[in-house]
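The following note is offered to a colleague who is beginning to read protein structures. Please keep the sequence and the three-dimensional view at hand while working through the numbered points.

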Amino acid sequence: MTIKLIGLVGNNAPFSYNRLLLRYMKERYQNINVRLTVQEITEIPLFSEQLLETVPEVVKQLAADIKQADGLIIATPEYDHAIPASLKSTLEWLSCYGNALTTKPVMIVGTSLGVQGTSRAQDNLRQILNSPGINAFVLPGYEFLLGLAKEKFDSEGQLTDQATLNFLDECFKHFQQFVLDNQRNLIAVRE
C-alpha cells in the first residue's frame with residue numbers, strides 16, 4: 001500500500017530551505033511505498049471572513065488535496081519565534097473551509113539558518129493544529145528541527161550530514177507508522 005502525503009511549504013519566499021527539505025524528503029522516500037507531493041502556499045490569499053462567501057479556487061483545491069491524502073507534512077521556517085503569516089493565513093482558510101485537517105495525521109519539520117532550528121515555530125504550529133476548528137492529529141515527539149541549514153545542504157539540495165539523515169529517517173519512520181495507525185483507528189471507528 002502506498003501512503004499518499006502532501007508536503008506543504010510553510011512560507012511564500014522564492015527560495016526556502018524548507019522547500020529544499022520537502023523536495024529532498026520526496027526524493028529520499030519515494031521508493032518505500034510513499035508518494036509525497038510538495039505543494040506551495042504562494043497563491044493562497046490572505047484570509048478574510050468576507051471571502052468565505054466566495055472561497056478562492058486555490059483554497060478549495062488545497063483542501064481537497066489534503067483530504068485525499070493520508071497525511072500532511074508541514075515544513076515551517078521560524079519568523080520572530082512563530083510561523084510565517086502566510087502559513088497562519090493558510091491554516092485559517094483550512095479551518096473555515098472543508099475541515100481538511102480534522103483527524104489528519106501531521107508531521108512538522110523545519111529548517112533555519114540559526115542554531116535552534118525552528119523550535120519555537122514548531123511549538124506555535126502544534127498549538128494552532130490542536131485548536132478547535134482544526135483538530136489535526138500531530139505526530140507527538142520526533143520533532144525534526146534542522147538548524148544551520150546552509151551548512152547541511154549541498155549545492156544540489158542534498159542533505160549531507162549523516163547524523164541529520166539518520167534522525168530524519170527515524171522521524172519519518174515514526175510518521176509512517178502514525179499514519180498507518182490513524183487509518184486503522186478510523187476504520188475501527190466506522191465499523
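1. Gln122 is a suitable place to begin: its relative accessible area is 0%, so this residue is buried. The model is a predicted one, and every value in this note should be read with that in mind. Gln122 belongs to helix α4. Leaving out residues up to four places away in sequence, Gln122 touches Thr76, Ile108, Val109, Gly110, Glu143, Phe144 and Leu145.

2. The rest of helix α4 may be considered next. Besides Gln122, the buried residues of this helix include Ser119, Ala121, Leu125, Arg126, Ile128 and Leu129. Which elements do the buried residues of α4 pack against? They pack against the strands β3, β4 (105-111), β5 (137-138) and β6 (144-146), and against helix α3.

3. Helix α3 runs over residues 85-96, and its length can be checked by simple reasoning. At 1.5 Å a residue, its 12 residues should span 16 Å; the C-alpha atoms at its ends are 17 Å apart, which agrees. Just after α3 comes Gly98, whose phi is positive, at about 85 degrees.

4. The surroundings of α3 deserve a separate remark. Its buried residues are Ser86, Leu87, Ser89, Thr90, Leu91, Trp93 and Leu94. Their cover includes β1 (3-9), α2 (57-68), β3 (71-75) and α4 (119-129).

5. Ser86 illustrates how the burial label is applied. Is this residue of helix α3 buried or exposed? Its relative accessibility is 16%, and buried means under 20%, so Ser86 counts as buried. Not counting residues up to four places away in sequence, Ser86 touches Gly10, Asn11, Asn12 and Ile41.

6. The nonpolar interior should be examined as a whole. The largest nonpolar core has 29 residues, and those that touch the most other members are Leu72, Ile74, Leu87, Leu91, Leu101, Leu125 and Leu129. Two or more residues of this core come from each of β1, α2, β3, α3, β4 and α4. There is also a second, separate core of 28 residues, with Ile3, Met25, Ala75 and Cys171 among them.

7. Leu101 shows what such contacts look like for a single residue. With neighbours within four places in sequence set aside, Leu101 is in contact with Ile66, Leu72, Leu91, Leu94, Leu129, Ile134, Asn135 and Ala136.

8. Two residues call for attention on account of their backbone angles. Asn135, in the loop between α4 and β5, has a positive phi of about 55 degrees although it is not a glycine. Its relative accessible area is 35%, so Asn135 is partly exposed. Tyr142, in the loop between β5 and β6, is likewise not a glycine, and its phi is positive at about 45 degrees. Tyr142 is partly exposed because its relative accessible area is 30%.

9. Open space is the next topic. Rolling a probe the size of a water molecule over the atoms shows where empty space is left. The largest pocket has a volume of about 260 Å³. It is lined by 14 residues, of which Lys67, Ala69, Thr103, Lys104 and Leu186 are the closest to its centre. Which helix gives the largest share of this lining? Helix α6 (residues 162-190) does, with 5 residues. By class, the lining of the largest pocket holds 5 nonpolar, 5 polar and 4 charged residues.

10. The second largest pocket contains about 170 Å³ of space. Its lining consists of Asn11, Phe15, Ser16, Tyr17, Asn18, Pro77, Glu78, Tyr79, Thr111, Ser112, Leu113 and Gly114. These divide into 5 nonpolar, 6 polar and 1 charged residues. Asn11 thus takes part in this lining and is also touched by Ser86 of point 5.

11. A final point concerns distance. Gln61, which is found in helix α2, has 46% relative accessibility and so counts as partly exposed. How far apart in space are Gln61 and Gly114? From C-alpha to C-alpha they are 34 Å apart, with a separation of 53 residues in sequence. Gly114 is one of the residues that line the second largest pocket.

Definitions and conventions: Residues are numbered from 1 along each chain as its sequence is written. This is a predicted model: local features need pLDDT of at least 70, side-chain atom pairs count only at pLDDT 80 or more; totals for chains, interfaces and linings use all residues. Side-chain values use heavy atoms; hydrogens and water are left out. Helices (H or I, at least four residues) and strands (E, at least two) are DSSP runs, numbered from the N terminus. The expected span of a helix is 1.5 Å times one less than its number of residues. Buried means under 20% relative accessible area, exposed over 50%, partly exposed in between (1.4 Å probe, protein chains only). Contact means heavy atoms within 4.5 Å. On a 1 Å grid over the protein atoms alone, a cavity is a set of points where a 1.4 Å probe fits but cannot get out, and a pocket is an open set with protein on both sides within 12 Å along at least five of seven lines; lining residues have an atom within 4 Å of a point. Grid points are joined across faces, edges and corners, and a volume is the space filled by probe spheres set on the points. Ala, Val, Leu, Ile, Met, Phe, Trp, Tyr, Cys and Pro count as nonpolar, Asp, Glu, Lys and Arg as charged, and the others, Gly among them, as polar. A nonpolar core is a set of buried Ala, Val, Leu, Ile, Met, Phe, Trp, Tyr and Cys residues joined through side-chain atoms within 4.5 Å.
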